[in-house]
Amino acid sequence: MNRATSRSIRWAQAGLLVNAILVLVKLIAGIVGHANALVADAVESSADIFSSIIVWMGLSIAAKPADEDHPYGHGKAEPLAAAIVSLMLLGAAIGISIMAIREIITPHHLPSPWTLFVAAGVILLKEGLYQRVSRVGREVGSTVVAADAWHHRADAISSLAAFIGISIALWQRWPAADDWAALVAAMLVAINGIRTLRPAISGLMDEAPDRTVKETALRAALTVPGVRHVENLNLRASGLGFYVDLHVQADPAMSLEDAHEIASRVKYAILDALPSVVNVLVHMEPFREESTIEKPTSHAAAGLIR
């Protein structure tokens, strides 16, 4: 298990512990203090517990090496876990909406003033957790960690909505205000679920990474002595890494041993340039003047093609 995966799992475990504590705090405060927005918030946080478990499991499975049954590794577990977490966000939004609508049409007591302090504490804690986990997700390039971070942000948003709703309910003597706040929070949670679902689907569909990653791989291959041209260079994501396939053209008169040596150098040149690459498959071809050449967009790499 590499450092990036270990780091991601540690933060998933931290999120699991925090969410478990917050569910109890918000549920008890919401029931005792008659704050339905906090109860709805507790429901959302309970989904966070399961999402953190899924993130933990997804990262652990994705980190497993390739085996006979999975020759390309287990990297797809990472975007699959991210998709499940995103769908859970959407499910939590639906559950909160149903609860909020039911409470809007049902008369109930005003929330207790002290529930404001509970909501404020949750906002600060979850927003801080979002900032830290989000930064880890960007640094390691993990869609599931990014989705987990947005779970923390969604929790902070729903707690903020609860805080505003409870404040209005106490100020205007309007008990349903915190229920309307819970409904608004549910909409924001749903938006976050849709936002995190797209990159997860992209990972499952083998969507190509950013163009600069491809250009870096192309530039590294073209710097290897003996490489005349590169074509059909493709990359696909696998968990926190990439698989690279490319066709390298070289002198048709060279020996098979020399061609193999060039292929090996191309492979390790790409691995050195892109540490996130898991494996490189190089297909050697004879160079022909009339061959269609794949050119990089950057001027630096374009200058390497002769």
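Throughout this tour, two residues are in contact when they have heavy atoms within 4.5 Å of each other. The model shown is a predicted one, in which local features need pLDDT of at least 70 and side-chain atom pairs count only at pLDDT 80 or more, while totals for chains, interfaces and linings use all residues. Residues are numbered from 1 along each chain as its sequence is written, and side-chain values use heavy atoms, with hydrogens and water left out.

**The whole chain**

Begin with the protein chain in a cartoon view, where there are nine helices and three strands; helices (H or I, at least four residues) and strands (E, at least two) are DSSP runs numbered from the N terminus. Followed along the sequence, these elements give the pattern α-α-α-α-α-α-α-β-β-α-β-α. Of the 306 residues in the chain, 49% are buried, where buried stands for under 20% relative accessible area, exposed for over 50%, and partly exposed for what lies in between (1.4 Å probe, protein chains only). Among contacts between residues at least 6 apart in sequence, 74% join residues at least 24 apart. If you display the surface, its accessible area comes to about 15,100 Å², and 65% of this belongs to carbon and sulfur atoms; such areas come from the Shrake-Rupley method with a 1.4 Å probe, and for residues only the protein chains shown count as cover.

**Stop one: H283**

Select H283, which is found in strand β3 and is partly exposed, with a relative accessible area of 40%. Once its neighbours within four places in sequence are left aside, H283 is in contact with L246, H247 and V248. Add A263 to the selection as well: this residue is 20 residues from H283 along the chain, and their C-alpha atoms are separated by 7.5 Å.

**Stop two: the cores**

Next, select V227, V230, L233, V244, L246, V266 and I270, the residues with the most contacts inside the largest nonpolar core, which has 25 residues. A nonpolar core here is a set of buried Ala, Val, Leu, Ile, Met, Phe, Trp, Tyr and Cys residues joined through side-chain atoms within 4.5 Å. At least two residues of this largest core are supplied by each of α7 (211-222), β1 (229-238), β2 (241-250), α8 (256-273) and β3 (277-286), and α7 gives the most, with six residues. Apart from this core lies another, of 23 residues, and A12, A81, V122 and A200 are among them.

**Stop three: helix α7 and the salt bridges**

Now colour α7, whose twelve residues reach 17 Å from the first C-alpha to the last, close to the 16 Å expected at 1.5 Å a residue; the expected span is 1.5 Å times one less than the number of residues. The buried residues of α7 are V213, E215, A217, L218, A220, A221 and L222.

How many salt bridges does the structure hold? There are two, a salt bridge being a side-chain nitrogen of Lys or Arg within 4 Å of a carboxyl oxygen of Asp or Glu. In one of them, R211 pairs with E215, the closest N and O atoms being 3.9 Å apart; both lie in helix α7, four residues apart, about one turn of the helix. R211 counts as partly exposed at 36% relative accessibility, whereas E215 is buried at 11%. Then move to E261, which forms a salt bridge with R265, where the closest N and O atoms are 3.2 Å apart; these two residues lie in helix α8, again four residues apart. E261 is partly exposed at 38% relative accessibility, and R265 is partly exposed at 44%.

**Stop four: a surface patch**

Select L24, L27, I28, I31, V32, W114 and F117, which form a nonpolar patch on the surface with about 750 Å² of accessible area together. Patches are made of residues with over 30% relative accessible area and no salt bridge, like charges being joined within 9 Å and nonpolar side chains (Val, Leu, Ile, Met, Phe, Trp, Tyr) within 5 Å. Helix α1 (residues 3-32) gives the most to this patch, with five residues, while F117 has its place in helix α4 (residues 115-140) and is exposed, with a relative accessible area of 68%.

**Last stop: backbone angles**

Finally, select N232 in strand β1, which is not a glycine and yet has a positive phi of about 50°. Most residues other than glycine have a negative phi. N232 is partly exposed, at 41% relative accessibility. A positive phi of about 60° is also taken by D206, just after α6.
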